[in-house]
Amino acid sequence: MESPGESAPHEARDAAEFVALMRQLKARSGLTFRQLEERAAARGDVLARSTLADALRHDALPRAETLTAFLRACGEEGDAGAWLEARERLCAADAPGAGAAREERGGLADRRPSRWRTRSFRIAAAAGVVVFLAAGGLAGARYFGGQGPDGPAAAGEVKRCRNGTCKGKDPQEFQCLGDAQVASAVKSAEGLIYLYHSADCQALWAGIGSGADKVVSVYVKSGSGDALSLKRDRLLGDPAGLGSARTPMLPSKELPRHAEVCVTYREMEACTGSDGMSRVKPYPSAS
């Protein structure tokens, strides 16, 4: 039983009530969006403060990976299974034809056991995700995105690429986020920068957790001769809006030892590499 004031996700009747409970949880945590982003990064999760702010601003169910990272940043990973199960229930209720399906099942008592087995499986699967995330550090962190029922794959035909065919392509559009690992990260005054690698797609790319609107240029190299350099207006995502972005991909069968991303801002440069070396270099002010 929940203590007074605690969020009870199983009581949410729709997406608006679910998000309202998330807002309550954030308020109780006493943490700012920036602090939540930093706590998530320390746990190996990706939770851009702009993404979280947008999720809490709308009455729509957040992505499962956003919800999980948010709960872990708030120190509520022990209840993540209940939150994910509640989200799954509300997703199913909002799916087209859900009402008709429930009506059809109403008079068929013999189908109830299979329905409850499915629900039990969902709870177990959610718990497994939480355990896996809790066990991994930064080097093994998974970037879950674009693979769920609310991801790009559900909107139409699934696009996939591998190694050389991924070059220059969007990792989200081509379903490479699902197994992506954070190879390295660096924090600067402007925000967090990540180097990602997908073993399934055999590709790497850079992610900018926040502050992409202040980026001048981004340079990414794979360590095998492939590299790309692009200005802010060529970043993927919404650098002119919410402030988070990513680069296109470079081929990389395995994460090379000397892969690196460098982001140039107006007043500094921040770099992080797969060899564990990160640096932030402020530019000297003009005299």
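**Notes on the predicted model**

1. Just after helix α4, Gly75 has a positive phi of about 80°. This is a predicted model, and that backbone value is computed from it, as are the other values below. Gly75 follows a helix that deserves a point of its own.

2. Helix α4 covers residues 64-73, and eight of its 10 residues are buried, so the rest of the structure largely encloses it. The buried set is Thr66, Leu67, Thr68, Ala69, Phe70, Leu71, Arg72 and Ala73. Note that Arg72 is in that list. Thr66 and Thr68 are there too.

3. Now the overall make-up. The protein chain has seven helices and 12 strands. Of its 287 residues, 41% are buried. Take the contacts with a separation of 6 or more: 60% of them join residues 24 or more positions apart.

4. Helix α3 has two packing partners to look at. Start with α2 (residues 33-42) and α3 (residues 49-57): their axes come within 9 Å and cross at roughly 120°. That angle makes α2 oblique to α3. The crossing is right-handed. On the α2 side, Phe33, Arg34, Leu36 and Glu37 make the contact. They meet Arg49, Leu52, Ala53 and Leu56 of α3.

5. The second partner is α1. Helices α1 and α3 pack at about 130°, and their axes are 9 Å apart. α1 is therefore oblique to α3. Val19, Met22, Arg23 and Lys26 of α1 make this contact with Ala55, Leu56 and Arg57 of α3. Leu56 deserves a second look: it meets α2, and it also takes part in the contact with α1.

6. A general point helps when reading such residue lists. An α-helix has 3.6 residues a turn, so residues three or four places apart point the same way. Try it on the α1 list, where Val19, Met22, Arg23 and Lys26 face α3.

7. Next, the aromatic rings. The structure holds three aromatic pairs. One of them joins Phe18 and Trp83 edge-to-face, at 5.3 Å centre to centre with 80° between the planes. Phe18 belongs to helix α1 (residues 15-29) and Trp83 to helix α5 (residues 80-94), so the pair ties together parts that are 65 residues apart in sequence. Both Phe18 and Trp83 are buried. Elsewhere, Tyr194, Tyr196 and Trp205 form one aromatic cluster.

8. Two lysines sit over rings. The charged end of Lys26 lies over the ring of Phe33, 4.4 Å from its centre. These two residues also appear in the helix contacts: Lys26 on the α1 side of the contact with α3, and Phe33 on the α2 side of the other contact with α3. The other case is Lys169, over the face of Phe174 at 5.6 Å from the ring centre.

9. The loop between β1 (142-143) and β2 (180-188) holds Gln172. At 25% relative accessibility, Gln172 counts as partly exposed. Gln172 is 12 residues from Arg160 in sequence, and their C-alpha atoms are 10.0 Å apart in space. Gln175 is in the loop between β1 and β2 as well. Is Gln175 buried or exposed? Its relative accessibility is 5%, so Gln175 counts as buried.

10. Gln175 also shows a backbone feature. Its phi is near 60°, a positive value in a residue other than glycine. Gln202 is a further case, with phi near 55°. Gln202 lies in the loop between β3 (191-198) and β4 (203-208). Its relative accessible area is 14%, so Gln202 is buried. A reader stepping through the backbone can set these two glutamines beside Gly75, whose phi is positive too.

11. Last, Asp275. Where is Asp275 placed? It is in the loop between β11 (268-273) and β12 (278-282). Asp275 is partly exposed, with a relative accessible area of 38%. Leaving out residues up to four places away in sequence, Asp275 touches Arg257 and His258. Glu260 is 15 residues from Asp275 in sequence, and the C-alpha to C-alpha distance is 8.4 Å.

Key. Residues numbered from 1 in each chain as written. Predicted model: local features only at pLDDT ≥ 70, side-chain atom pairs only at ≥ 80, totals over all residues. Heavy atoms only, no water. Phe/Tyr/Trp six-rings, centres within 6.5 Å; stacked < 30°, edge-to-face > 60°. Helix = DSSP H or I, 4+ residues; strand = E, 2+ residues; numbered from the N terminus. Buried < 20%, exposed > 50% of the residue type's maximum accessible area, 1.4 Å probe, protein only. Lys NZ or Arg CZ within 6 Å of the ring centre and 35° of its normal. Axes fitted to C-alpha atoms, helices over the stretch in contact; angles between N-to-C directions. Parallel < 35°, antiparallel > 145°, perpendicular 65-115°, else oblique. Left-handed = near helix turned anticlockwise from the far one by under 90°. Contact = heavy atoms within 4.5 Å.
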